[in-house]
Amino acid sequence: MTVLRCGHGPWRFLQRVASAYWSAGEIPMIVLSINGQDAQVDAPDDMPLLWVLRDIVGLNGTKFGCGMAQCGACTVHLDGQPVRSCVLPVAGAVGKKITTIEGLSATELGKRVQQAWLGIEVAQCGYCQTGQIMSAAALLAQKPSPTDEDIDAAMSGNLCRCGTYVRIRAAIKQAATGQITVPQTVA
C-alpha cells in the first residue's frame, strides 16, 4: 500500500486547511481504493476528493472546472456511479471503489469509449473530455444501447465550452455498438 501525504498543490486555501490539521495532529490516514489499488492518504476528511486525487495521489487526469459540481469536468466513478469529485469530501469515498480516467481503460467498456472518442475526434480544447468520457462510460454500463434522450439526460451535467455535443453523442453511439471509426490522418 502506498502512503501519500497532503501538502502539495496550487491551492493555498487547501494547504492552509491541511496545515491547520497537521499542526493539530488531527489528520488520520485514509485508505482509498483507486483504480483497483489501495492507497493510504494523509488528508483531512473534508478535503474534496478531486484534490486528493490530483495533489496527493498524483492522478491529474481528473480536471478542476467550476468547483461547484456544475460543469462535470471533475467526474469520477464511485462504485460505478458518476460523481463530481470537486464537492465530494474524501471521507465520502472511503470503502468505495474510485475509478478515474487513468483507470477507465482497464475495462473493455472504458477502452471502447476512449477509442470512440478518438475515432470521432470529439475533443476540441479537450479540457472537459475526461469528465465527458467518465459520464459516457457510466451511462453505457447502465444502458448498453442508449437512445438520444438517454444520452442527453446522462450527459446534461457535463458542459463543453467548445460545443462538441453532436460528436459526443456520435462517439457514445459508436462505443455502444463497438463499431469504432478509425481517425483519418491529415496529410
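Tutor: Before we start, a pocket here is an open set of grid points with protein on both sides within 12 Å along at least five of seven lines. Keep in mind too that this is a predicted model.

Student: Okay, what volume does the largest pocket have?

Tutor: About 210 Å³.

Student: And which residues line the largest pocket?

Tutor: Reading along the chain, you meet Phe64, Gly65, Cys66, Cys71 and Ala73, then Cys125, Tyr127 and Cys128, and finally Leu159, Cys160 and Arg161, which together line the largest pocket. By class, that lining splits into 9 nonpolar, 1 polar and 1 charged.

Student: Let's go to the helices. How should I read a crossing angle, say for H4 and H5?

Tutor: Angles from 65 to 115 degrees count as roughly perpendicular, over 145 as roughly antiparallel, and under 35 as roughly parallel; the rest are oblique. In this model, H4 covers residues 108-120 and H5 covers residues 129-142, and their axes cross at roughly 130°, coming within 10 Å. So H4 is oblique to H5.

Student: What is the handedness of that H4 and H5 crossing?

Tutor: Right-handed. On the H4 side, Leu109, Val113, Gln114 and Trp117 make the contact, meeting Gln129, Gln132, Ile133, Ala136, Ala137, Leu140 and Ala141 of H5. That contact divides into 8 nonpolar residues, 3 polar and no charged.

Student: Which residues of H5 meet H7?

Tutor: Gln132, Ala136, Leu139 and Leu140 do, and their partners in H7 are Ile168, Ile172, Ala175 and Ala176. Sorted by class, the H5 and H7 contact has 7 nonpolar residues, 1 polar and no charged.

Student: And how are the axes of H5 and H7 arranged?

Tutor: They cross at roughly 40° and come within 11 Å, so H5 is oblique to H7. The crossing of H5 with H7 is right-handed.

Student: What about H6 and H7: where do they sit in the chain, and at what angle do they cross?

Tutor: H6 is residues 148-155 and H7 is residues 165-177; their axes come within 11 Å, with a crossing of roughly 115°. The H6 and H7 crossing is right-handed. From H6, the contact uses Asp148, Ile151, Asp152 and Met155, while H7 supplies Ile168, Arg169, Ile172 and Lys173.

Student: How do the residues of that H6 and H7 contact divide by class?

Tutor: Into 4 nonpolar, no polar and 4 charged.

How values were computed
Residues are numbered from 1 along each chain as its sequence is written. This is a predicted model: local features need pLDDT of at least 70, side-chain atom pairs count only at pLDDT 80 or more; totals for chains, interfaces and linings use all residues. Side-chain values use heavy atoms; hydrogens and water are left out. On a 1 Å grid over the protein atoms alone, a cavity is a set of points where a 1.4 Å probe fits but cannot get out, and a pocket is an open set with protein on both sides within 12 Å along at least five of seven lines; lining residues have an atom within 4 Å of a point. Grid points are joined across faces, edges and corners, and a volume is the space filled by probe spheres set on the points. Ala, Val, Leu, Ile, Met, Phe, Trp, Tyr, Cys and Pro count as nonpolar, Asp, Glu, Lys and Arg as charged, and the others, Gly among them, as polar. Axes are lines fitted to C-alpha atoms, for helices over the stretch in contact, and angles run from 0 to 180 degrees between N-to-C directions. Helices (H or I, at least four residues) and strands (E, at least two) are DSSP runs, numbered from the N terminus. A crossing is left-handed if the near helix is turned anticlockwise from the far one by less than a right angle, and right-handed if clockwise. Contact means heavy atoms within 4.5 Å.
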